[in-house]
Amino acid sequence: MQKRYIIRDKCILLFTLLIFSIGTYSLFGNVRGVNFFDLAAYQHRIKGVVTDSDGTPVQGASVRLKGTSTGTFTNNEGVFYLEATPTDVLILSYIGFKKLEVIVGSSEELSLVLEEDVTDLGAVTVNAGYYSVKERERTGSISSISAADIEEQPVTNVLATMQGRMPGVYITQDSGVPGSGFQIQIRGQNSLRSDGNMPLYIVDGVPFTTQSMESFYTGEAVPGIINPLNNIDPTSIASIEVLKDADATAIYGSRGANGVVLITTKKGVAGKTRFQIGYTYGLGRVANFMDLMDTNTYLEMRREAYANDGIITYPANAYDVNGTWDQNRYTDWQEVLIGGTSDIIDATGSVSGGSEHTQFLVNGNYHKETTVYPGDYAYNKFGLNSSINHSTRDEKFKVHLTAGYTIQNNNLPGLSFMTDIYQLAPNAPALYQEDGTLNWENSSWENPYSVFETSYESKTNSLISNLLLSYEPIDGLEFKTSLGYTNNQFFDQMLRPSTVYDPAYEITSEFSNAYKNQVHFNSWIVEPQVSYKKEFSAFKTQLLVGGTFQKQVSSQLVHSTSGYASNSLLGNMTAASFINIATDDQTKYKYNAIFGRLNTSLFNRYFINITGRRDGSSRFGPGRQFANFGAIGIAWLFSEESWLENLNFLSYGKLRASYGTTGNDQIGDYQYLDTYTISGNSYNGIAVMEPSRLFNPSFSWEENKKLEVAMETGFIKDRLFLTVAYFKNRSSNQLVGIPLPGTTGFSSIQANLNATIENKGWEFTLRSEQFKNEDFSWSTTFNLSVNRNRLVSFPGLETSTYSNSYVIGEPLNISKVYQYEGLDSQTGLYQFKDFNDDDLLTRENDREAIIRFDPDFFGGIQNSIRYKGLSVDFLFQFVKQDRYTGEHSMGMAGRMGNQLNLLQDRWKQPGDIATFQPYSSGANSELRSRYLNYSQSNAVLDDASFIRLKNIAISYQLPRNILHGVTCSIVLKGQNLLTFTDYEGLDPEANFTNSLPPLQALTTGIQLHF
Amino acid sequence: MKKYITTVLKNKKTNGNLWFRSLLIFVCCSTFLLSCSDFVEVELPSSQLNADDIFTDISSANAAMASIYAEMRDGSMVSDLSYQMGNYADELDYYGSMASDTEDFNKNTVISSNGTIKSWWNTAYNLIYSANSILERVENSKQLSTSDCNQLKGEALFVRAYLHFYLAQLYGAVPYVTTTNYSENAKVVKIPVDQLYLNVLEDLKVAEGLLGLEYVNPNRTRPNRGVVKALMARIYLYTDQWEAAAQAASYCINNTGTYTWNTNLNTLFLKDNTTTIWQWSPEFEGQNTNEGQAFIFFSVPPGNVALNPELVASFEANDLRLDGWIKGLSDGETTWYYAYKYKEQGGTDVSREYSVIFRLAEQYLIRSEARVQNGDIEGGVSDLNKIRNRAGLSEVGVTDKATLLKLILEERRHEYFTELGHRFFDLKRIEQLDTVLGVKPGWNTTDRILPLPEDELLINPNLEPQNKGY
């Protein structure tokens, strides 16, 4: 069986390779651009000097004779020499400048000035995945950021670079732990499945899996999902495009519902060999601590709590108040546990260059980041990227190879101690005894430093490579094959030696555990494509047809070992008495598609773009594997109309609209099968097998319909540029694990639910160039996104298992809670609204208040100011949102465990106007149950809106003549430097209440180019 | 010029060819794409087997059956009973971290959002699903032999009955689930405890007919007819069916070939003890029991639980169990005690102890109580003395019913302390909970049953109303 597949896979590979690489070239290889006219007799040698508008020589500019492959480059004085005839046309081009065409004429020396190309939309092309499109002719909604934006941020994850810079793209950081992940939502939540809202990531044409790799056993050290996108170094990226609407995403069919993120790495540029070296060093820290009680306030709270409960003799295990612990001791546990500074070191270097037909780039980077924890922990990352382009002299056959290899190594404490920062009493004992060993204070506490006895280590090696072969036998017709391969190996382990336990328990190394997790992803993709372009005076058309074959194999091996003779052997499996294999699994995912695009334009003003895809995925059962998706996009460049020609202030105007369908297959593999799984457990010496799931063979795709209308306008020669977009997306046929009562044996079943979710909203982008001249320029980009998520319909919601999670007409990201009605000043008890007036507060009937967690709006303002060699770029990110209050996760005030200072505003006697109930140790069941209701009411939602100086970069470029041809810049970069918020918790952005917040970082660096 | 013309002609010819070839490639390519829709079919992952294939072979079917016991052993309702219900009743004092599920059990302040309550419920019904799945698939299996089918069906029915029995004991009225059909199971209704016991007994009677006295494994880790009978005896006792209880208890007592009485208290929990009716093997060879791990401590004050001093004090001074099954550890001032029935806290070269779930002593005490209730005072006394003799205690003479019942209860307390919540269930069935546990400050009459998990009520309103007092 398996053999058959291997053979077939090989055949496919061979076949496609044969056709498009070797086949096409050898078949049509004889057709070359032949220079028919032998004009050598008229040739003369010319000298040209190329400068920019300031008169600075432009080095490395490409100079070519039109219609030939003859050409050269300018040297570092901007000079070139070429043999040419007077009728020849010279084409000069260089990145960042407008292409220049001049007739050679009779003179032997030419002085040529290249014009900077900054706002010329006509020349800017945008990567749309399978094709690229001119910005002005674009029919779809695509946001992008460039290398310049990325480089000014001291971050390690690609997603971090996009935060606040793209309308409609909402990104939050899981935590400040090095190597942890990010959450991204493009135009809201489309799927009821919490893990079904990830966009599709494409790196240089290769889909990149974001499937989580961690294991339950090892994964506590890094909160959230370890994001494989860490494998891509931000400095190696040339641009990131986010495809949002149907027009842009329908060509990705079943995987486009949540948007597509295209990551393109840097390529070499023809010209002199260029070197770049950069080094930055910086520090990071937790920017904000919670305002917690000190020992006096805390003990006062505890004593008052027992007094309120009528308890005179403190219980034996109330060590903080019963005299066991020093009543005068004070430790700021936040400072002790997460108050350190982290070192951030980055080093990069690259070499690039090449000739007109062959260009290369090699880029290496190193990143090191330590933690804010006590102890010696570090995250190391090393990456190497390379890119080679080659084209034949006639530019008909092209090869483009990109490969990136990254090694990551992360060391952390094995377990999380974030709850300790507020749960430990401020008078908890000293960490160490006088002899330097951990202090367990006669077994009265769990020393938080015992966590540092455990260790976590992860190693990731990843390869992403792509080979693009294209052949253009005749003008306009191009055969192309993209061959991609990715390999991702992840290993992590958690060691828990017996020293983590109180020695009084006499737990020996026999109880030391080691957990290891090995994950291996391997995928290949082959995408043969044919495109054809034709122009008939006013009518232009482009056609693209292609196919996709993709296979991904992932395997995971998780095991735990215990029973070690010595802790020094911990982790070495051969030294373990017990080895338990928790997971040993291999899964396969196959994907097959045919896609196409037809684009036509008329008079360069009217554009129609039709895209479609037929997809097949192994994640669905027989008969459900295939589905069709498609979209139409139109654009009208109204500023080109003759009747608008007199409107001088309007330099650019486009109206575009799109409508289409996409799908979502993020449901995991094999969910339609009725199987038994080896659970990893054993009984009586046999490995046991248990039912895998409740099965449903007949579920199918989620369908997502997207509509967008947008207007793009440029004023005053495009110095003011405004884009306003309105979108409305509806997802139906929701593919979810429908929650089921425990009596079914499982918590959910995979099925399509006839529910419709709508995301609609507005996105605004305003770009302006306030000043722009030789010495001084200042530009501002502002973006704002307003998204409204809404459950439109859900037949049978009331009687379904979702009735307490969702409300029709409300967003998905809500909670139904009690309605808080204030504190009764006579009794000191929290009051709640009894919705059904039955004098009882019941979870089923009285949790009718709704709290919403989606942001009301979010966006960013970016400013770039340049004065001669000095430039300042800074981005303010803003979010209007609600989050759980800081005290929400801390438990009832009065129990053992610290509290926010603001909890002191408690009720003491009748008539008191206070915010909080009296303290209680937990023995007062009335206070306790009201507290629990309070924590499930709308009282614990707080305004967590914030404005944050997300990043700032100040760089100064030393004048060129100082370093003799070496461009040197000194850069100061900052991340999260300022935050304006009223939020009382650790951080308004953090996704999890109990995780380290995103760090504040400040780095300085130097960049050399020569 | 001539050269130029031929070049052009040649070019034209090639261009024509080219068009044709391009078209050909395109057509080839498209048909290829369209024709290989079976590309997206994948083979099964290495860790999964088709459900129906499992039941074509007795070893994989046994692996499916064993998964139920493995799950039951590793953190299920049944495996937690000794610890949590020991806390809930008057057997254990709790010294672990405050604000935990266990503290709520110990203080009798369990609420419907308690995590343990939810996890017990969910794992129990998950195992019931597994049992039902085995019943349904074995029924359809053509490859398994009749005797294998009977063994599997018998065990599955026993498991279903056993879990429902404890669910009813802990939560009161609960649904009795007999199918794997999720749309039915999602809307099930509660049935009263009396009715539920009838279902339990019905299943047990069928199981009794399917299982023999022989164990599948000599180490008694999979139920046989003796286990079924032992559970039936207990249920008859709990439901005041004295005659039937005595009769069912006699089954194991009379099969002395299999269940040989043993008077050595220190070997009672070793894995090859002949009074064991059903026990669970640990996950790996060399491991011992969860009970040993949970109860034994080496330092004081204890980090988790210790025996209630009143329990220790209630033993007669010469009770051999006081010495053999309880150990104390002192810090010089105070002494804390732990249950020392299981003597291995950690691993050993070869596993020495298994978790004992049913043992012969209970059958004697069941029959003793049933006989006394039924008027057979002499028979009852003789069964009681069997236990007292072993504990080195003086024999009880014939006396009145009430005194005897009291003595039996006390004997049960001392024989079964920290074992599977026996103490709590005994106090509950003889309506003594309020009298005995009333001294605990958190105790309320309604605490006799636990709350239904709140999420379950929300998700299946047919489970309404919540148990009284929650």
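Me: Which residues does B:Ile235 touch, not counting residues up to four places away in sequence?
Reply: The model is a predicted one. Contact here requires C-beta atoms, placed from the backbone, within 7 Å. With residues up to four places away in sequence not counted, B:Ile235 touches B:Phe165, B:Tyr197, B:Val200 and B:Leu201.

Me: Which helix of chain B gives the most to the largest nonpolar core?
Reply: The largest nonpolar core has 113 residues, and B:Ile235 is among those with the most contacts inside it, as are B:Phe158 and B:Met232. With 13 residues, the greatest contribution to this core comes from helix α7 (residues 146–171) of chain B.

Me: How many residues has the other core, which includes A:Ile338 and A:Phe490?
Reply: This core lies apart from the largest one. A:Leu570 and A:Tyr934 are also among its members, and its size is 66 residues.

Me: Which strand of chain A gives the most to the side that touches chain B?
Reply: Chain A brings 78 residues to the contact and chain B brings 73 residues. By class, the side of chain A comprises 37 nonpolar, 29 polar and 12 charged residues. The top contributor, with 11 residues, is strand β26 (residues 576–602) of chain A.

Me: Which residue in β1(B) is the bridge partner of A:Thr675?
Reply: Strand β30 (residues 675–683) of chain A and strand β1 (residues 48–50) of chain B run antiparallel and are joined by three bridges. In β1(B), A:Thr675 is partnered by B:Asn50.

Me: How far apart are the end C-alpha atoms of residues 331–438 of chain B?
Reply: UniProt, in an unreviewed entry, places the feature "domain: RagB/SusD" at these residues. The span is 52% helix and 9% strand, and its end C-alpha atoms are separated by 31 Å.

Technical notes: Residues are numbered from 1 along each chain as its sequence is written. Chains are lettered from A and ligands numbered from 1 in the order in which they are written. This is a predicted model: local features need pLDDT of at least 70, side-chain atom pairs count only at pLDDT 80 or more; totals for chains, interfaces and linings use all residues. Two residues are in contact if their C-beta atoms, placed from the backbone, lie within 7 Å. Helices (H or I, at least four residues) and strands (E, at least two) are DSSP runs, numbered from the N terminus. Ala, Val, Leu, Ile, Met, Phe, Trp, Tyr, Cys and Pro count as nonpolar, Asp, Glu, Lys and Arg as charged, and the others, Gly among them, as polar. Two strands pair if DSSP finds at least two bridges between them. A nonpolar core is a set of buried Ala, Val, Leu, Ile, Met, Phe, Trp, Tyr and Cys residues joined through C-beta atoms within 7 Å. A residue is buried if 20 or more other C-beta atoms lie within 10 Å of its own, exposed if 12 or fewer, and partly exposed in between; C-beta atoms are placed from the backbone. UniProt positions are given in the numbering used here, feature names are shortened, and annotations may be inferred rather than shown by experiment.
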